[in-house]
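Let's talk through some charged side chains together, one question at a time.

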Amino acid sequence: DRARHGILSRLLGAGADPNVSNKQGWTALMFAAAKGQLGSVKRLVAAGASINAHSRMDETALMFAAEQGYMKTVKYLLAHKARVNQSNRAGQTALILAEALETEGNSSGAMVLLQEALRLSPRRSMVDHVLDLDITTRLARLLAAAKREDDLAKTRDSVETIAKSIRDEFRRGTMRPEDYFRGVRIWSDYLAAMDRKEEAIDQWRALLEFTRHPTAPPRLNAARYRVHVASQMAKLYRKMGNHSAELRFRKRAQKSESKRFADSRKQEHKGIGPDRLDYVQHFVRMADLRRRTAQAEEDLDTRGQAIKSLKQSKSLYKEAIDGLDNLTNSGGDDQAAGGSGLGLDNRRVDQTDALTLAALEGLQNVTFRLLRLGETASSPSSGGNANRRQQRVSADETIAVTKKLHDALVDTL
């Protein structure tokens, strides 16, 4: 490390540009942050390295340090005005990377990242207040899981204070409807996570009404929000054991997603409608919603309806997988023809991989559940031999999907 630091100092002293990047857009600061080399990070920043420079995939030094769990480097970068809400092309921010740290078992690292982000928040606008609410509620959930009651009590107070300020500002007319909606949605999700179920349901009901109000966000955003709120309410009713209410909101989420996509398609004549990947995302969303609807129907002992929903879900997953295969296979041709090359474009590759895995996992789940339920058993005309043949076909299909999912996971890794 000392030798590396010496070489770096000599290069910078000789006039080397600290912001030069390679073909991927990586700067020396990004490399140092990704390796947790705090000394090199400090030397580069002192020499004028751009803290918020981004790679071709819009990744920053802060993201690399957070992803690898180098919390000392994270703290230093945050103290020097690294932006926590800057997102990369996969839609990830440093806050989302904090969740990745938690998933990998580094809850303490995630908490440090969130606490530092909150401490350094500029709070110049109501957008900053919504971001603060997002950070604070995530921190509260981590503290609750870690059973750090003293810290949790203070954080809960902060959550309540920020949420109140957001409501007050909206009443005064000093906050945009979409920012207010996002803030209340974060607050509602927090209430549900903290087991304050009835309060969460009241907030979500109010949000559903708000999306129909004249001051609501633009139509497409409002429809997307309705999908989220209806799905969250269904999830909470499921935890409460109220499967009738769960089913009602599962169906409402499906209806909202269908309307969202139909409204999006109406924009095609303006050149801002959905592209091919948007179509695939819609199929995966609808398949997920139908699959969860089937679970509620199964819990209510409406087995025939559950099988019907599962078959619809299966068809949508297959359509999504075919669409993803076409995107990947046609990517090179699109690029050669001067098109966007969505199948192979670096901007989309992470999203495409994630959708492929999601679709295959969903299809595996659906085919297994259809096999378990015996999808032909509800037909009185199906004889015993025909039923067994269908069961064998379903079993073979489940095995084939599982193998394809395994191959996709290997390719992604």
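**Salt bridges, step by step**

Colleague: Which residue meets E169 in a salt bridge?

Modeller: Keep in mind that this is a predicted model. Side chains of opposite charge can pair when their charged atoms come close. Here the N to O distance is 2.7 Å, and a salt bridge needs a distance within 4 Å. The partner of E169 is R172.

Colleague: And about how many helical turns separate E169 and R172?

Modeller: Both residues sit in helix α9, which covers residues 149-172. They are three residues apart there, so the separation is about one helical turn.

Colleague: Is R172 buried or exposed?

Modeller: Its relative accessible area is 56%. Exposed means over 50%, so R172 is exposed.

Colleague: What about E257 and R285: how many residues apart in sequence are the parts that this pair ties together?

Modeller: The side chains of E257 and R285 form a salt bridge at 3.7 Å, N to O. E257 belongs to helix α13 (residues 243-265), while R285 belongs to helix α14 (residues 276-299), so the pair ties together parts whose separation in sequence is 28 residues.

Colleague: Is E257 buried or exposed?

Modeller: R285, its partner, is partly exposed at 34% relative accessibility. E257 has a relative accessible area of 1%, and the cut-off is under 20%, so E257 is buried.

Colleague: Which residues are joined into one network?

Modeller: Some salt bridges share partners, and this links their residues. The network consists of R238, E246, R250 and D299.

Colleague: Finally, how many salt bridges are there?

Modeller: The pair R148 and D151, at 2.8 Å, is one of them. Counted by the 4 Å rule, the number of salt bridges is 18.

How values were computed:
Residues are numbered from 1 along each chain as its sequence is written. This is a predicted model: local features need pLDDT of at least 70, side-chain atom pairs count only at pLDDT 80 or more; totals for chains, interfaces and linings use all residues. Side-chain values use heavy atoms; hydrogens and water are left out. Helices (H or I, at least four residues) and strands (E, at least two) are DSSP runs, numbered from the N terminus. Buried means under 20% relative accessible area, exposed over 50%, partly exposed in between (1.4 Å probe, protein chains only).
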